[in-house]
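The following paragraphs lead the reader through a structure, beginning with the contact of two helices and ending with the protein as a whole.

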Amino acid sequence: SVVLHNLIKHLPEQEQLNALSKFKSEYNNLSEPEQFGIVMSNVKRLRPRLSAILFKLQFEEQVNNIKPDIMAVSAACEEIKKSKSFSKLLELVLLMGNYMNAGSRNAQTFGYNLSSLCKLKDTKSADQKTTLLHFLVEVCEESYQDVLNFTEDFQHLDKASKVSAENLEKSLKHMERQLQQLEKDLQTFPVAEDKHDKFVAKIFLVHAKEDFQKLSRMHENMEKLYQNVMRYYAIDLKKVSVEEFLTDLNNFRTMFMQAVKDNMRRREAEEKQRRAKIAKEKAEKEKQERQQKKKRLLEMKTEGEETGVMDSLLEALQSGAAFRDRRKRIPRAKGCFLLWTTLTKVTRKSCFYFKNKITL
């Protein structure tokens, strides 16, 4: 089809082709482009033929481009109107808005514009960490689990939001004009002189008209569906296009799913912090217990060493060994001082023991 399109685009005018046809007798002496021009000049109504053939080659592609868009918009409109989860969500948003506006001139509102749904993300908490949308998701997670399913109800919304109703209508009108032109050309097409010329017999006008009529009916049904759903939500078609309506809803759907993920990550982070805090407190407690245990062991060791010193001293005094070694003999005054110093270092229990075992 690309080659054919370029051929039609660069095809010489009919006057030039007629001029080339005069050189048929010199065909073998002409260049290849001129020979091609002479052959083409022999074909009656060349441009309409080529245009019809190109239309036939591109017709199926055009149908495949238009049909999925029509089906996506139609399916999305049905999903939006039939989704009970989405209706419940709208009720919660209205209730939440009336609660927040209590006492103001906007209190007890009966409805709101659906484009306001995307603005829930703009209302932030005092710490700027969460939004009103995060709070709405949290309420749904705690008390209205079924409301979360509205994102799954809108399976065709993403694709439908990318469809331009204006371009869709232009494509259908262009296809209709091509069919009308083809029908007109076929009615005025001369009878083929060559028996091998099967152009009229092979052309697909009947089949193409049937497919186009099916597309037209689908498009009309699509228009009725989105007009009904927009009237259902009290949206003025003159002020809001179907593209804007579907785009706003799709953006809100995306924001809602992101808020669900944000809440999940926040809970995971809080749980992680809680576990880390518990682990830290446990480690501190174990550390304190180890320190207390070590302190008790040191106290017990010190008490044992003091008791050992007293026993050694008593044994030396009772055996007289403390007085026999003249080389290590200590003067009385100094010895009394050392004895007094030693006594001041022992515990009360040791002093009591010392008092009952030694008679000075």
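**Two helices in contact**

In this predicted model, helix 4 contributes P48, A52, F55, F59, Q62, V63, I66, D69 and I70 to a contact with helix 9, where the partners are L168, S171, L172, M175, Q178, L179, L182 and D185. Sorted by class, the residues of this contact between helix 4 and helix 9 comprise 12 nonpolar, 3 polar and 2 charged ones.

Two packed helices are described by the angle between their axes and by the distance between those axes. Helix 4 spans residues 46–82 and helix 9 spans residues 165–188; their axes come within 10 Å and cross at roughly 150°. Angles over 145 degrees count as roughly antiparallel, and helix 4 and helix 9 are therefore roughly antiparallel to each other. The crossing of these two helices, helix 4 and helix 9, is left-handed.

Attention now turns to another helix. Helix 11, formed by residues 205–232, has 28 residues, and the distance from its first C-alpha to its last reaches 40 Å, close to the 40 Å expected at 1.5 Å a residue. Its buried residues are L205, A208, D211, F212, L215, H219, M222, L225, Y226, V229 and M230. Just after helix 11, A234 adopts a positive phi of about 55°.

Finally, the protein may be considered as a whole. It has 15 helices and 0 strands. Of the 360 residues in the protein, 29% are buried. Among the contacts in the protein with a separation of 6 or more, 76% are accounted for by residues 24 or more positions apart.

How values were computed
Residues are numbered from 1 along each chain as its sequence is written. This is a predicted model: local features need pLDDT of at least 70, side-chain atom pairs count only at pLDDT 80 or more; totals for chains, interfaces and linings use all residues. Side-chain values use heavy atoms; hydrogens and water are left out. Axes are lines fitted to C-alpha atoms, for helices over the stretch in contact, and angles run from 0 to 180 degrees between N-to-C directions. Helices (H or I, at least four residues) and strands (E, at least two) are DSSP runs, numbered from the N terminus. Angles under 35 degrees count as roughly parallel, over 145 as roughly antiparallel, 65 to 115 as roughly perpendicular and the rest as oblique. A crossing is left-handed if the near helix is turned anticlockwise from the far one by less than a right angle, and right-handed if clockwise. Contact means heavy atoms within 4.5 Å. Ala, Val, Leu, Ile, Met, Phe, Trp, Tyr, Cys and Pro count as nonpolar, Asp, Glu, Lys and Arg as charged, and the others, Gly among them, as polar. The expected span of a helix is 1.5 Å times one less than its number of residues. Buried means under 20% relative accessible area, exposed over 50%, partly exposed in between (1.4 Å probe, protein chains only).
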